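Please explain how this chain is put together, going from a helix to its charged pairs and then to its surface and loops. State the cut-offs behind each term.

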Amino acid sequence: RNTAACRFGGAAWSRTCCEGEVMLVAAWVLQCVGIVYTLSSGYLAAGCPLESDAAVQALLVALVCAFAFVRICKFSARVLGGQLSRRVLVNDPLKDPRTMRKFEDQTWQLVLHTTMTILELYILKVEDGGKAWLEDPKRFWMVSREGGGERPTPTAAEAIFHEPHSPVVHLLFLVQAAAWIATCFSHVCFEERRRDYLMMLAHHVVTIGLIWLSYTFNFVRVGTVVLFVHDASDIVIDLLKVTNYLQLEGPSGLFLVEASYVTNLLTWAYFRLYVLPVKVIWRGIINASREVATAPGVPGMEAFSASVGSEHTRGHPPGYVLDTSYGDGSFDIFANIRALPAHENIPMFWTASCLLVILNVMHVVWYLLMLNIGRKMLYGQAPSTTGEEEYEGEQYAGRTLGKGKEADDGNGTPSKQSISVFMLKLALATLLCAVGAAYLPGRSKLPSMQQRQ
């Protein structure tokens with residue numbers, strides 16, 4: 001254990017990691033409770049085919065199905081992967097129990113990401129003739145026009161609260177919420193711990209927060225695209241890890257590891273370092289939301305316009321007309337932020353933007369890690385060896401939680417990691433209690449989004 005602590009910079013750094021883990025797990029617990037609370041209180045995205053009580057029940061069923069899905073995928077991966085490793089591949093690469101567990105973990109994630117990508121592609125490309133949200137993020141803030149076509153919405157509230165979406169979109173968010181809650185639980189309690197354990201845990205917590213907020217405030221257009229960007233690029237990195245565990249490298253492995261690595265560099269750079277930061281965050285959220293919601297003539301901006309004496313002091317040039325000028329490049333986002341750091345017409349602007357930027361910073365860190373792996377491969381090191389040294393490494397802080405090992409600190413008292421596992425298990429019980437409380441007779445109920453409008 002001391003060796004593992006020194007590897008992470010000493011005992012002080014190890015304690016910091018433990019405290020960071022406990023805080024992230026606590027955030028996860030609060031998210032679970034918050035999601036149940038908002039659903040049971042009627043905070044549903046526009047067009048949801050379920051009432052609040054039914055939505056809570058559906059989430060609970062989806063959670064049970066998610067955990068069953070994980071167990072089935074792991075069992076199938078263990079059986080099929082074991083047969084493949086022993087009978088077909090050289091040197092039985094999955095004979096080490098720890099490698100087999102990693103293979104199981106990555107296989108169920110591969111199946112999940114593939115399934116979600118297919119559903120997201122159906123929404124974006126097939127349903128109702130397809131939607132241009134991915135190709136043109138400005139359409140995040142355009143609503144259907146009577147007689148066909150779309151236009152920029154005249155009010156922020158209309159885009160956020162009133163634009164209904166198909167049942168398939170609501171199904172996507174239900175499944176994604178359950179899947180990410182289950183993924184976070186599995187990440188802490190069951191999966192093998194890699195060097196990026198804490199950053200991955202933070203990634204899960206941020207993602208659950210984004211799913212929760214985007215659905216509650218009806219930002220489902222943005223949410224669908226963000227989910228697709230992540231799931232589509234995750235398929236390739238899942239394949240990279242699976243082929244690496246199977247040691248399908250070099251001529252004997254048809255260079256599958258090397259091919260997956262190069263493909264991953266390309267898809268990661270395109271989806272996570274271009275589409276997400278440039279098209280989605282910068283153009284679609286930071287620029288387009290403010291251009292529409294604070295445009296001249298938009299309801300809600302009257303008081304500000306009267307206070308400054310003009311409608312053209314917040315980045316929109318003289319002569320700007322929303323229907324015809326939207327997206328023509330004349331809008332000055334920096335002037336808008338200086339004049340209106342925050343406004344009721346752009347709720348959740350800073351929260352959503354900051355959470356997405358945090359995700360993007362993580363993507364850059366991971367990409368640099370992948371480039372370093374490639375550098376070592378170019379110097380002749382085997383891909384499996386490089387991956388073990390740079391990414392897999394030893395288990396996080398020398399502990400394997402959720403498997404009954406090192407549950408105390410050596411003095412008979414529980415370790416902070418074991419507390420995290422306990423908190424996660426407690427969270428599942430909390431979810432059940434929250435669901436039960438949602439059905440107590442005479443419970444108080446906040447007005448729904450539709451009622452507030």
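Of the 20 residues of helix 7, 16 are buried, so this helix is largely enclosed by the rest of the structure. Buried means under 20% relative accessible area, exposed means over 50%, and partly exposed lies in between (1.4 Å probe, protein chains only). Helices (H or I, at least four residues) and strands (E, at least two) are DSSP runs numbered from the N terminus. This is a predicted model, in which local features need pLDDT of at least 70 and side-chain atom pairs count only at pLDDT 80 or more, while totals for chains, interfaces and linings use all residues. Residues are numbered from 1 along each chain as its sequence is written, and side-chain values use heavy atoms, with hydrogens and water left out.

Helix 7 covers residues 197–216 and reaches 29 Å from its first C-alpha to its last, close to the 28 Å expected at 1.5 Å a residue; the expected span is 1.5 Å times one less than the number of residues. After helix 7 comes Asn-218, with a positive phi near 60°. The unreviewed UniProt entry places "transmembrane region" features at several spans, including 22–46 and 197–215; such annotations use the numbering given here, have shortened names, and may be inferred rather than shown by experiment. Residues 197–215 are 100% helix and 0% strand, whereas residues 22–46 are 76% helix and 0% strand, with end C-alpha atoms 35 Å apart.

A salt bridge is a side-chain nitrogen of Lys or Arg within 4 Å of a carboxyl oxygen of Asp or Glu, and there are six of them by this rule. One of the six joins Asp-105 and Lys-74 at 3.1 Å, N to O. Asp-105 lies in helix 4 (residues 97–126) and Lys-74 in helix 3, so the pair ties together parts 31 residues apart in sequence. Both Asp-105 and Lys-74 are buried. Another salt bridge joins Asp-234 and Arg-272 at 2.6 Å, N to O. This pair links helix 8, which holds Asp-234, to helix 9, which holds Arg-272, 38 residues apart. Asp-234 and Arg-272 are both buried.

The loop between helix 8 (220–245) and helix 9 (256–293) contains Gln-247, and Phe-255 lies there too. Most residues other than glycine have a negative phi. Gln-247 nevertheless has a positive phi of about 55°, and Phe-255 also has a positive phi of about 55°. Gln-247 is partly exposed at 38% relative accessible area, and Phe-255 is partly exposed at 42%.
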